[in-house]
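The following exercises invite the reader to examine a protein model step by step. Please keep the sequence and the structure in view while working through them.

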Amino acid sequence: MRSLIAEIPPHYVKSIDFSYRFIESFSGLVNGFNLTDMPLGRVTIDNCAFVARMKGSYSGRLISTISVGHRDITANRSYMKGLSVLGIKQALLVQGPSHASKVSQLLPFALKEFNAVGTAISSEDITKERVKAGVRFFVTQMYPQEEDILKLGSFGYRGEVMVSVPAFEEGGAVKKLASRGFKVPTNVLFSNDPGSATRKILLDIMDLADGAGLSATAYIVPLQPGELQKWLEDLIKNM
């Protein structure tokens, strides 16, 4: 059975309890969760605080995204130390919209601090450097390009790649995603069943990753959390 990781909906102050209930609701359907860090530049409950409250209530795979561009190098190192002390063993380093520090500046420290560090697939040179540095998993962009998957395989990388897709049923949700600048395939935008079209893209890309010698994991971003159970159940039927 292939592995599934679900992104926890942004844990804003008014929806913090919803985010905890999300973990309780879906821990039986997915293999792990990723905690976002200031998605789209919006402030959320700090991941250290979030993890501290849930410590002991969830023992599965838990990844913390660290948007390094929002903090300087010293603050990022302190943040990583805090997450590590709280039991976080896996981190996903992303740049984010700000540029106080760079992923490349923090990667050596993170590789020593965590058991597994992931990054986004980037340009050819940067991705090669990250493979050589020992990155344990890569995360694709939303609706990934086939060439990104093949690129990883051509570098001799044989680790995990997380294939990112949104989970939703209504067309309006994905159109809103496109309006925010995300590239959504036209066969999804104009489909009568965009949820099914997205699941097919996910499974096709995962097959491609397997063929390239990679270990493919589905990375699910719940655009409509209320529809996620049905969406996941339909996906699992075809995996």
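Four exercises on this predicted model follow, each with a worked solution.

**Exercise 1. The barrel**

Determine in what order the eight strands close into a barrel.

Solution. Begin with the order around the barrel, which is 1-2-3-4-5-6-7-8, with parallel pairing. Next, consider the twist: on average, neighbouring strands of this sheet are turned by 25 degrees against each other, direction ignored. Finally, place a helix against the barrel. Helix 1 (residues 16-26) lies across strand 1 (3-7), strand 2 (32-35) and strand 8 (215-222). With strand 2, helix 1 makes an angle of about 160 degrees.

**Exercise 2. Strand 5 and its neighbours**

Identify which residue of strand 6 stands opposite T119, and which residue is the bridge partner of L93 in strand 5.

Solution. Strand 5 covers residues 116-120, and four of its five residues are buried. On one side, four bridges connect strand 5 in parallel with strand 4 (residues 90-94); here L93 has T119 as its bridge partner. Strand 5 also pairs in the parallel sense with strand 6, over three bridges, and in this pairing T119 faces F138. The connection from strand 5 to strand 6 passes through helix 5 (residues 124-133), and this β-α-β crossover is right-handed. Strand 4, helix 4 and strand 5 likewise form a right-handed β-α-β unit. Continuing around the barrel, strand 6 (residues 137-139) runs parallel to strand 7 (residues 160-167), joined by three bridges. V139 has M162 of strand 7 as its bridge partner.

**Exercise 3. A residue in helix 4**

Decide whether S104 is buried or exposed.

Solution. First locate the residue: S104 belongs to helix 4 (residues 103-113). Its relative accessibility is 55%, and exposed means over 50%, so S104 counts as exposed. As a further step, compare positions along the chain and in space: S104 and R130 are 26 residues apart along the chain, and their C-alpha atoms are separated by 8.4 Å.

**Exercise 4. Two helices in contact**

Classify the arrangement of helix 9 and helix 10, and state which residues make the contact.

Solution. The axes of helix 9 (residues 194-211) and helix 10 (residues 228-237) come within 11 Å and cross at roughly 45 degrees. This angle lies neither under 35 degrees, nor over 145, nor from 65 to 115, and therefore helix 9 is oblique to helix 10. The crossing is right-handed. Helix 9 contributes G195, T198, R199, L202 and L203 to the contact, while helix 10 contributes W231, D234 and L235.

Technical notes
Residues numbered from 1 in each chain as written. Predicted model: local features only at pLDDT ≥ 70, side-chain atom pairs only at ≥ 80, totals over all residues. Heavy atoms only, no water. Pairing = 2+ DSSP bridges. Axes fitted to C-alpha atoms, helices over the stretch in contact; angles between N-to-C directions. Contact = heavy atoms within 4.5 Å. Buried < 20%, exposed > 50% of the residue type's maximum accessible area, 1.4 Å probe, protein only. Right-handed = clockwise from strand over helix to strand, strands pointing away. Left-handed = near helix turned anticlockwise from the far one by under 90°.
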